[in-house]
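Please open the model in a viewer and keep the selection panel at hand. The tour below proceeds from one selection to the next.

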Amino acid sequence: MAASARAQSGGITLDLEPITSVSSGEETSWASEVHLHLEPAAGAFLGAEGPGSRTGFGLALKADFPLFTRRMLMVAKMVTWIMSLGATGLGDDTVGNTPLSIQVELFGNRFSDTRLLDKGWGWGGGLGARLKFFENPHADSSVRSVWYDFNVNLSPNGFGVDTALGLQLSLGELVSMGPFVKFARVGGVNGLFGGISLDLGAPAKQRVSSEASAAEGSSVQQP
C-alpha cells in the first residue's frame, strides 16, 4: 500500500506520495529489517601450554541491521525533497541489494582450564558486520543463505575479535538454522568453535505472490 504524506516548505505544499510509494509485493516488516541469531557452540583452546583439557563452549546472541531499509530510504527521500524541493537520486533498487549488515553481539565463552581468562570464563559484547553471499525466500529454496561475520569485542579481559562462516537452511518464512565454524580471540586466548546458528528473520526481498504476479501480467497484456 502506498504511503501518503504531505510537506510544506516556504509556503509550498508538496505531495510526497510519489516519493514514498511502495510497489506491490515490496512491503517490508521488522522481520526483514532486523535478524536475530542465537549461536551455541563447542570447541577447544588453540595452544599447547600446560597440562589438562582445553575444551570449551560458547553462546552468542547477535542482531544485524541492513545498511539500507525501505523505511530508511523513505525518510531520506522525504528529507532531501523538503530541503532541495526536488527529487533525490536514491532509488528503490538500493533496498535489498546491499549484502552487508551492521551487527551487534553479546557472548560468553567457558574453557575447562580455569587458569585461562577469569577462572575459565570470557564474556562481553561486540560490534561488527555480517556479509550474506545470497539470501533466498523460504518458498524458493531450502538453502536460506551463506554468511560470514567479523566482530570486534570488549570484555573484562580486554579487546578481542571473533569471525565465523556459516550456512543457513530455511525452516519457514521467519526461521532458519544451520552449522557454522568460528574463531574467537578473547583476552589473548584463542579458541576454535563449531556450532548451530538459529536465525529469526525474513529475507530482505520477499517473493511477490503468484496472485500479484498474475494480476500484473494480465494488466501488461491489456491494450
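Select arginine 110 and tryptophan 121: the tryptophan, in β6, is the bridge partner of the arginine. Strands here are DSSP runs of E with at least two residues, helices are runs of H or I with at least four, and both are numbered from the N terminus. This is a predicted model, in which local features need pLDDT of at least 70 and side-chain atom pairs count only at pLDDT 80 or more, while totals for chains, interfaces and linings use all residues. Residues are numbered from 1 along each chain as its sequence is written, and side-chain values use heavy atoms, with hydrogens and water left out.

Extend the selection to β5 and to β6 (residues 121-135), an antiparallel pair with 11 bridges. Two strands count as paired if DSSP finds at least two bridges between them.

Next, add β4 (residues 55-66), which is joined to β5 by 11 bridges, again antiparallel. Two positions mark this pairing: glycine 58 lies opposite asparagine 109 of β5, and aspartate 64 lies opposite glutamine 103 of β5.

Now display the strands from β3 to β10. In what order do the 8 strands close into a barrel? The order is β3-β4-β5-β6-β7-β8-β9-β10, with antiparallel pairing. On average, neighbouring strands of this sheet are turned by 25° against each other, direction ignored; the axes are lines fitted to C-alpha atoms.

For the interior, select Phe45, Phe111, Leu116, Leu117, Phe180, Val189 and Phe193, the residues with the most contacts inside the largest nonpolar core, which has 14 residues. Such a core is a set of buried Ala, Val, Leu, Ile, Met, Phe, Trp, Tyr and Cys residues joined through side-chain atoms within 4.5 Å; buried means under 20% relative accessible area with a 1.4 Å probe, protein chains only. Two or more core residues come from each of β3 (35-45), β5 (100-111), β9 (175-186) and β10 (189-200), and β9 gives the most, with 3 residues.

Centre the view on phenylalanine 180. Beyond its neighbours within four places in sequence, its contacts include Glu39, Pro40, Trp147, Leu165, Phe193 and Ile196, where contact means heavy atoms within 4.5 Å.

Finally, show the whole protein. Its secondary structure comprises 4 helices and 10 strands, running β-β-α-α-β-β-α-β-β-β-β-β-β-α from the N terminus. Of its 223 residues, 36% are buried.

Terms used
Buried means under 20% relative accessible area, exposed over 50%, partly exposed in between (1.4 Å probe, protein chains only). Axes are lines fitted to C-alpha atoms, for helices over the stretch in contact, and angles run from 0 to 180 degrees between N-to-C directions.
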